[in-house]
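Here are my notes on this entry, kept short. Please read them with the structure open.

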Amino acid sequence: MKKIRFVKYLLGVALMTAAISPVTVRADSKDIQVKVDDVSVQFPDAKPYIDPSTSRTMIPIRFVSEKLGASVEWDGAKQTVTMTKEGKQISLKIGEKKATVSGKQITFDAAATLQNNRTFVPLRFVSEAYGAKVDWLATERLVLITTNLPGGTGTSGTTIPGAGQPGTTNPGSGNTSTSGVGSKVGVDGQFTVVAPSDPDMLLPKDPVTEPAIEAFIASLKYENGIVSGKIPELPAGHTINFHYKDTSDGKWGNRANDKDFNNLKPGDTFSAKVVGAGGYLSFGLFKGAEGKNGVVVNLPDMTIEWEAKR
């Protein structure tokens, strides 16, 4: 069952916004902005977008690469773009989910595409190919790319996680999570923490809300087709956006076994029956209308994805 992590998050934001305000704001009403080392990147004729089929942020590679100090060449006959920086050559072909960096191959889960005569690549390609740090500020729809990292940049030819990503233990990253990728969590260790479906779209790290998220997943139990758990204590001024969505028919929208748990208070228990192909629990923490942290529990896959950097 395909997981569309960011769509789930946007749905949660929409529900929360509707609950606290009579005014509905479209999540995609604002263009995605990109900054490289705190300098805005201007996109005169091709702008970043979120591919609805993969939920990946796609960026026109020429403008970003040139901001990163690379020269860019296009071979129309071979449908290949080549970037060169300080002797390191990076090449990729339209339609492929891989690139060659100084003779080594890296892969990513969305293919390079050609639109309006511009080559678009998934945002994570930037960190993998250039060794840069990439952060996504969801509420601002802002991508921050940092290249002046301690120890220099560069790539090993494999996926390079950003500092603070789930499972990352980089010194100084501020990772306080006790349950990284691969951890068995829940009352009986039934659930497995997995890498986020879309690391580009993680909310900024928020240590204030992490303990509540950890307590929530620690309370989870799945037995006889029913998932249950407990609402944790919340930081002051925070509210929850919590629901179970059944996706067994592959469609969105309310159905008989969807459940809304937003009226529950800290200490209350909950349960939801998982039928058919299952669905997911979406538990988010908000401060006002701003999403701060969250987690998605996929059922009956028994996997958990963080919604914010750890």
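The points below cover a sheet, two cores and some ring contacts.

1. Status. This is a predicted model. Please keep that in mind for each point.

2. Four-stranded sheet. The sheet is open, with strand order 3-4-11-10 and antiparallel pairing. Strand 3 (49–51) and strand 10 (113–115) are the edge strands. Each has a single partner strand, so one side of each lacks a neighbour in the sheet. On average, neighbouring strands here are turned by 40° against each other, direction ignored.

3. One pairing in detail. Strand 4 (residues 56–60) and strand 11 (residues 118–122) run antiparallel and are joined by three bridges. M58 faces P122 of strand 11 across this pairing.

4. Largest nonpolar core. It holds 34 residues. Those touching the most other members are M83, L92, F125, V126, Y130, V143 and I145. Several elements give two or more residues, among them strand 1 (33–36), helix 2 (61–67), strand 6 (80–85) and helix 3 (124–130). Helix 3 gives the largest share, four residues.

5. Around M83. Which residues does M83 contact, leaving aside neighbours within four places in sequence? The list includes I61, S65, A70, V72, I90, L92, F125 and Y130. Polar names appear too, including S71, K88 and Q89.

6. Second core. Another core lies apart from the largest one. It has 27 residues, including I231, F270, V274 and V297.

7. Aromatic pairs. The count is nine. F216 and F270 are stacked, at 5.8 Å centre to centre with 20° between the planes. This pair links distant parts of the chain: F216 sits in helix 4 (residues 210–218) and F270 in strand 20 (residues 269–273), 54 residues apart. Are these rings buried or exposed? F216 has a relative accessible area of 0%, so it counts as buried. F270 is at 4%, so it is buried as well.

8. An edge-to-face pair. F242 and F283 are 5.2 Å apart centre to centre, with 85° between the planes. Again the pair links distant parts of the chain. F242 belongs to strand 18 (residues 239–246) and F283 to strand 21 (residues 279–287), 41 residues apart. F242 is buried at 0% relative accessible area. F283 is buried too, at 1%.

9. Ring cluster. Ring pairs join F216, F242, F261, F270 and F283 into a cluster. F270 is also a member of the 27-residue core.

10. Charge over a ring. R310 lies over the face of W306. The distance from the ring centre is 3.7 Å.

Methods
Residues are numbered from 1 along each chain as its sequence is written. This is a predicted model: local features need pLDDT of at least 70, side-chain atom pairs count only at pLDDT 80 or more; totals for chains, interfaces and linings use all residues. Side-chain values use heavy atoms; hydrogens and water are left out. Two strands pair if DSSP finds at least two bridges between them. Axes are lines fitted to C-alpha atoms, for helices over the stretch in contact, and angles run from 0 to 180 degrees between N-to-C directions. A nonpolar core is a set of buried Ala, Val, Leu, Ile, Met, Phe, Trp, Tyr and Cys residues joined through side-chain atoms within 4.5 Å. Buried means under 20% relative accessible area, exposed over 50%, partly exposed in between (1.4 Å probe, protein chains only). Contact means heavy atoms within 4.5 Å. Rings of Phe, Tyr and Trp (its six-membered ring) pair if their centres lie within 6.5 Å; planes under 30 degrees apart count as stacked, over 60 as edge-to-face and the rest as tilted. A charge sits over a ring if NZ of Lys or CZ of Arg is within 6 Å of the ring centre and within 35 degrees of the ring normal.
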